[in-house]
Amino acid sequence: MINKIITELYKKNIPIKVYNKLKRDLPNIEDVEDYQQEMYLTLLEYTEAKIIDLYEQGRLDDYFARICINQLVNKNSNLHKLLQTKWNKTEIDDETDRETEFDSEREIAISIER
């Protein structure tokens, strides 16, 4: 039964709907997929009994959406820990233009690879 519930939940695409609604930007487009996978892993950390109980009460969608919101908004969430290094690299420092530095480093790295 749990497989049926998770499949049904997956088809609803709740993490992406939450992501689009909150208009949070992740550092890279690939991180959106990581975010989505992390949300399902977080849900699956709960016991099957709890997931089935929420499903039978009709509260699973709302519960899962709340998990997704909390992970995107909370700076101490598993998602932020997972992507922390990427977020730190894309932050802009007002005093110096770090994005230009990172662009230069990327260009150098690409030229070395060739």
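The legends below describe close-up views of the salt bridges in this predicted model.

**View 1. Lysine 12 and glutamate 8 form a salt bridge.** In this pair, the closest N and O atoms are 3.9 Å apart, a distance that falls within the 4 Å cut-off and therefore counts as a salt bridge. Both residues lie in helix α1 (residues 2–12), and because they are 4 residues apart there, about one helical turn separates them. Lysine 12 is partly exposed, with a relative accessibility of 29%, and glutamate 8 is likewise partly exposed, its relative accessible area being 29%.

**View 2. Lysine 12 also forms a salt bridge with aspartate 61.** The closest N and O atoms of lysine 12 and aspartate 61 are 2.6 Å apart. This pair links distant parts of the chain, since lysine 12 belongs to helix α1 whereas aspartate 61 belongs to helix α5 (residues 60–73), with the two positions 49 residues apart in the numbering sense of being 49 residues apart. Aspartate 61 has a relative accessibility of 28%, so this residue counts as partly exposed.

**View 3. Glu8, Lys12 and Asp61 are joined into one network.** The network arises from salt bridges that share partners, with lysine 12 bonded in this way to glutamate 8 and to aspartate 61. The structure holds 2 salt bridges. As a general matter, side chains of opposite charge can pair when their charged atoms come close.

Methods
Residues numbered from 1 in each chain as written. Predicted model: local features only at pLDDT ≥ 70, side-chain atom pairs only at ≥ 80, totals over all residues. Heavy atoms only, no water. Salt bridge = Lys/Arg side-chain N within 4 Å of Asp/Glu carboxyl O. Buried < 20%, exposed > 50% of the residue type's maximum accessible area, 1.4 Å probe, protein only.
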